[in-house]
Protein chains: 2
Amino acid sequence: MTDAAQTISDRIQEKLDHLTRAERQLALSILENYPASGLGPLSALAKDANVSVPTVARMVQKLGYKGYPDFQSELREELRAKAKGPIAKHETWAEAAPSEHLLNRFTDAVIDNIRLTLGQIDPDAFDEACALVADPSRHLFIAGGRITHTLAEYFFMHMQVIRPNLTHVQSTSSTWPHYLLNAKEDDVFVIFDVRRYENNTLKLAEIAHARGAKIVLFTDQWRSPVHHLADITFSCRIIAPSAWDSTTTTMLLVETMISSVQNLNWDETKERMEHLEEMFDQTKLFRKFT
Amino acid sequence: MTDAAQTISDRIQEKLDHLTRAERQLALSILENYPASGLGPLSALAKDANVSVPTVARMVQKLGYKGYPDFQSELREELRAKAKGPIAKHETWAEAAPSEHLLNRFTDAVIDNIRLTLGQIDPDAFDEACALVADPSRHLFIAGGRITHTLAEYFFMHMQVIRPNLTHVQSTSSTWPHYLLNAKEDDVFVIFDVRRYENNTLKLAEIAHARGAKIVLFTDQWRSPVHHLADITFSCRIIAPSAWDSTTTTMLLVETMISSVQNLNWDETKERMEHLEEMFDQTKLFRKFT
DNA sequence: TCGAGACTGTTATATTTTTTTCACAATTTT
DNA sequence: AAAATTGTGAAAAAAATATAACAGTCTCGA
């Protein structure tokens, strides 16, 4: 444990379990900008982590240092050694694992996906899509297929809080709600379709398109055939070192859209969220934040 | 402080010619192990460079800083920026959008989450968890709560293809399958629990723990209370510029685990995937790949 | 539900360290 | 030799740290 080969970062992480709430909060804050934040004055660190000055002093000693200056000098020593060392590259994500480890390879691939996907996105189209989705006067249909079902559900769950007047449609479902057939011209469909593209989803899109509804499509880099019917298409790169494709990038886009729509409807959302909080408090479904 | 694009190292080197002998000696010493030596006390730096204390004070002001502490805080700021790495900063993701656009801010936050999360992961623990989950002789229970339900379902969906003998439990469900109460010692629970932590999930974990089953937990950086019962915990950073937390990082880990487990069980998975393909072809649920 | 105990922030103070500045002598440079 | 530079020693000022006492809060077990 007290081996010289151990970095202070390791040491903190190791003891993370034995720390109390405020101390853990502090520890995480230190790791956040490691090691810079630990090299400033104690008071600044405390403020940064939103804990009190004594908490910092107490934890540093708990970690086994004689005092804050002692802790700092070890940090500097580590920084010194690191700068000297031959391995200055920080290209691995899971630092404790070799770069060939799946953790690093997979993350590399996903970051690549994110980079390439975002690079192709037209921000105006994105904003336009958000505006469409945010408009409560349009009925919002959200549809996913077999794989994308979870994404659609995630999106639906959040939209439910943000706005009224929406429906979750599972394209693989044998029975579509009949009012879907009555979709109006002003309605919006958010459709998820990645390979392998599903016939049902295409049919659904055709119905929507025939009724003149707007279609926002999340698909992969090869583009679902729904693409021809969609008003706005987001194609996400989904390549991963796996037998399956990665949904992570699409998830990122979906979450960004949720955040954006939420901002557009903030007044109403706020109210709805407060109601939700109340409900949760009443049902005691959740524990108090610890 | 004047030029943002210039590092302090650059600044020192630039002025190197206009410095006197002792000052140059000091400057070179600072650059020797940069930036560590500049972050210690002034007196230590002076001693290190074999110059007097006033020389250090004089030069720092000559370089344009208000005082030694000012110089230090700039150094720390630089270190901070550098630690973020080239990927996190200095790059706009959606190139067509300004860096203040939500697309870029959100992605920045998520990349940060990924970096910090992966940095804390113990690859051995990860491999161990994958091995547990891959073992078909253990019954696999997958449980998620309100928010994490979609993640759990996504994981379950893929595990279904990879291995038999598994169950999806929705912790918020009013009725848990009765055989959950008969969980054996060798069984494995994969539990998702992020804030706000759910009491039902904790109860479920307690049952599992009481029966001696293994518990693998996916939680957030603050750690669900289930953590105390879990054999292996993955804490994912979930901060985002949004009223909600981001699940993207957790999704990344889940997908990595899926990929890893799939590799471990490849022989069987292959067979099952082929069966699945056949089924899909027969039901004509999917279109041919175009 | 209640109470003991642990945890944390607040406030205050003592202590230590660090920084800044000074005057002046020694040394080097021009 | 004059001017600039540098170190020495010291001391004042400022900042940072360590510690204590205490009250409010939360947790957990009875």
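The exercises below, each with a worked solution, concern a predicted model of protein chains with DNA.

**Exercise 1. The sheet of chain A**

Work out the order of the strands in the open sheet of chain A, and find which strands form its edges.

*Solution.* Begin with the pairing, which is parallel, and follow it through the five strands to obtain the order S2-S1-S3-S4-S5 in chain A. Next, look for strands that pair on one side only, and you arrive at strand S2 (166-170) and strand S5 (232-236) of chain A as the edge strands. If direction is ignored, neighbouring strands of this sheet are turned by 15° against each other on average.

Now take one pair in detail: strand S1 (residues 140-144) of chain A runs parallel to strand S3 (residues 188-193) of chain A, and four bridges join them. Within that region, A:Leu140 has A:Val188 of S3(A) opposite it. Finally, turn to what covers these strands, where helix H9 (residues 199-210) of chain A lies across S1, S2, S3 and strand S4 (214-220) of chain A, at about 160° to S3(A).

**Exercise 2. The buried residues of a helix in chain B**

Identify the buried residues of helix H1 (residues 8-15) of chain B, and determine what they pack against.

*Solution.* The first step is to list the buried residues of H1(B), which are B:Ile8, B:Ser9, B:Arg11 and B:Ile12. Because these residues cover an arc of only 160° around the axis, they lie on the same side of H1(B). The last step is to find their partners, and here the buried residues of H1(B) pack against helix H2 (21-32) and helix H5 (68-83) of chain B.

**Exercise 3. The surface near DNA strand D**

Establish which residues are closest to DNA strand D, which helix gives the most to the surface near DNA strand D, and which polar atoms lie by its phosphate oxygens.

*Solution.* Start with the surroundings: 18 residues surround DNA strand D, and the closest are A:Leu42, A:Gln61, B:Thr20, B:Ala22 and B:Thr55. Then assign the surface to helices, since at least two residues each come from helix H3 (42-49), helix H4 (53-62) and helix H5 (68-84) of chain A, and from H2 and helix H4 (53-62) of chain B. The most is given by H4(B), with three residues.

Turning to the DNA side, 83% of the atoms of DNA strand D within 4 Å of the protein belong to sugar or phosphate, and the rest to bases. Individual atom pairs complete the solution:

- A:Leu42 has a backbone N or O atom 2.6 Å from a phosphate oxygen of DNA strand D.
- A:Tyr68 has a polar backbone atom 3.0 Å from a phosphate oxygen of DNA strand D.
- B:Thr20 has a side-chain N or O atom 2.4 Å from a phosphate oxygen of DNA strand D.

Definitions and conventions. Residues are numbered from 1 along each chain as its sequence is written. Chains are lettered from A and ligands numbered from 1 in the order in which they are written. This is a predicted model: local features need pLDDT of at least 70, side-chain atom pairs count only at pLDDT 80 or more; totals for chains, interfaces and linings use all residues. Side-chain values use heavy atoms; hydrogens and water are left out. Two strands pair if DSSP finds at least two bridges between them. Axes are lines fitted to C-alpha atoms, for helices over the stretch in contact, and angles run from 0 to 180 degrees between N-to-C directions. Contact means heavy atoms within 4.5 Å. Buried means under 20% relative accessible area, exposed over 50%, partly exposed in between (1.4 Å probe, protein chains only). The arc is that of the directions from the helix axis to the C-beta atoms. A residue is near a molecule or strand if one of its heavy atoms lies within 4 Å of it. A polar contact is a pair of N or O atoms within 3.5 Å; within protein, one must be able to donate a hydrogen and the other to accept it, and residues adjacent in sequence count only if both atoms are side-chain atoms.
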